[in-house]
Amino acid sequence: MDRNIDRNLMERVGALDWDRIARGLDSHGSAMIERLLPPAACDALSALYTEDDRFRSRVVMGRHGFGRGEYKYFSYPLPDPIATLRASFYARLAPVANRWNAAMGIDVRYPDAHAEFLARCHAAGQQRPTPLLLQYGVDDYNCLHQDLYGEHVFPLQVAILLSEPGRDFTGGEFVLTEQRPRMQSRPEVVPLRQGDAVIFAVHHRPVRSSRGVYRVNLRHGVSRLRSGHRHTAGIIFHDAT
């Protein structure tokens, strides 16, 4: 990727309203970013799906009970836009992750730089890259799940919609559920357009109440596609065993 584009991506992430994003994460476990990527960049990332040498593995969801559709994990080195976004987002999200862990009484703290966190993962045997591209067709869906790949888990991740709802596909909404103690689960649909991103909790997040702080568990998935095709980029910050 052109160095100017790489720098523009870093500047774009740095210029986001991180106070608003932090408030959304604290209140709802997710925060949406509109127009993170322009259409041309979305189309270029979607086109990578056919380039098998970019990926370390392909997963057909139906074979594993994950839903319907498929996805591919990128191999190292990651495509420049994915690598840039991964490092840039991590630097802004690490303080949120540390604050959450402190609130929940979890001793783990995350370093400032993503390279340092990856070194921690790799030393523990988590050496396989986890950023991925997902592809859905008619009647495909992704069951509610959590992306946990080993001992070391960064508590936030990012999904970027690369296709345009209403033009490229219908249905296929991004869905989050939050399981609250002794209460029914709370669902939320995130209304993404092409180039929009959502930051969300991987596993759990802290919630304050009159009695203190408690944890809620979150899962995410994609509802059934009614027509067309849908591509999504997923940026997970921890690597896999």
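This passage walks through a few helices, strands and single residues of the structure, and then its largest pocket. The model is a predicted one, which is worth keeping in mind throughout.

Helix 2 makes a handy starting point. It runs over residues 18-28, and its buried residues include W18, I21, A22, G24 and L25. These five sit on the same side of helix 2, because they cover an arc of only 160 degrees around its axis. Turn to the face pointing away from that buried side, and the exposed residues D19 and R23 come into view. Just past the end of helix 2 comes G29, with a positive phi of about 80 degrees.

Next along the chain is strand 1, which spans residues 30-33 and holds S30. S30 is buried, at a relative accessible area of 7%. Setting aside neighbours within four places in sequence, S30 has contacts with G24 and L25, and also with L176, E188, V198, I199 and F200. G24 and L25 are themselves among the buried residues of helix 2.

A31 also belongs to strand 1, and its relative accessible area of 5% makes it buried too. With residues up to four places away left out, A31 touches I21 and L25, along with A197, V198 and I199. Here again helix 2 turns up, since I21 and L25 are on its list of buried residues. W18 of helix 2 is 13 residues from A31 along the chain, and the C-alpha atoms of the two are separated by 9.9 Å.

Helix 3 covers residues 39-47, and C42, L45 and S46 are buried in it. Their arc around the axis is only 100 degrees, so they end up on the same side of helix 3. As for what lies over them, the cover includes helix 4 (80-104) together with strand 5 (132-136), strand 7 (156-161) and strand 15 (230-236). C42 is buried, with a relative accessible area of 0%.

Helix 4 has a buried residue of its own to look at. L85 is located in this helix, and its relative accessible area is 0%, which makes it buried. Apart from residues up to four places away in sequence, L85 touches L9, V13, L36, L37, I160 and I235. R12 lies 73 residues from L85 along the chain, yet 9.6 Å is what separates their C-alpha atoms.

Helix 5 takes up residues 114-123, with H114, F117, L118 and C121 buried. Looking down its axis, these residues fall within an arc of 100 degrees, so they line one face of helix 5. That buried set packs against helix 4. On the face turned away from the buried side are the exposed residues A115 and A123. After helix 5 comes G125, which has a positive phi near 90 degrees.

C121 of helix 5 is buried, with a relative accessible area of 0%. As for cysteine pairs, the count of disulfides comes to 0.

Further along, strand 14 (residues 225-228) contains G228. This glycine is partly exposed, with a relative accessible area of 23%. Leaving out neighbours within four places in sequence, G228 is in contact with Y136, G137 and V138, and also with D168 and F169. P165 is 63 residues from G228 in sequence, while the C-alpha to C-alpha distance between the two is 9.3 Å.

That leaves the largest pocket, whose volume is about 360 Å³. Its lining is made of 28 residues, and the ones closest to the centre are L134, N142, H145, D147 and H220. Several strands each give two or more residues to this lining: strand 4 (70-74), strand 5, strand 6 (141-145), strand 7, strand 13 (212-222) and strand 15. Strand 15 gives the most, with 5 residues. Sorted by class, the lining has 17 nonpolar residues, 9 polar ones and 2 charged ones. Strands 5, 7 and 15 thus appear in two places, as they help line the pocket and are also part of what covers the buried residues of helix 3.

How values were computed. Residues are numbered from 1 along each chain as its sequence is written. This is a predicted model: local features need pLDDT of at least 70, side-chain atom pairs count only at pLDDT 80 or more; totals for chains, interfaces and linings use all residues. Side-chain values use heavy atoms; hydrogens and water are left out. Buried means under 20% relative accessible area, exposed over 50%, partly exposed in between (1.4 Å probe, protein chains only). Helices (H or I, at least four residues) and strands (E, at least two) are DSSP runs, numbered from the N terminus. The arc is that of the directions from the helix axis to the C-beta atoms. Contact means heavy atoms within 4.5 Å. A disulfide is a pair of cysteine sulfur atoms within 2.5 Å. On a 1 Å grid over the protein atoms alone, a cavity is a set of points where a 1.4 Å probe fits but cannot get out, and a pocket is an open set with protein on both sides within 12 Å along at least five of seven lines; lining residues have an atom within 4 Å of a point. Grid points are joined across faces, edges and corners, and a volume is the space filled by probe spheres set on the points. Ala, Val, Leu, Ile, Met, Phe, Trp, Tyr, Cys and Pro count as nonpolar, Asp, Glu, Lys and Arg as charged, and the others, Gly among them, as polar.
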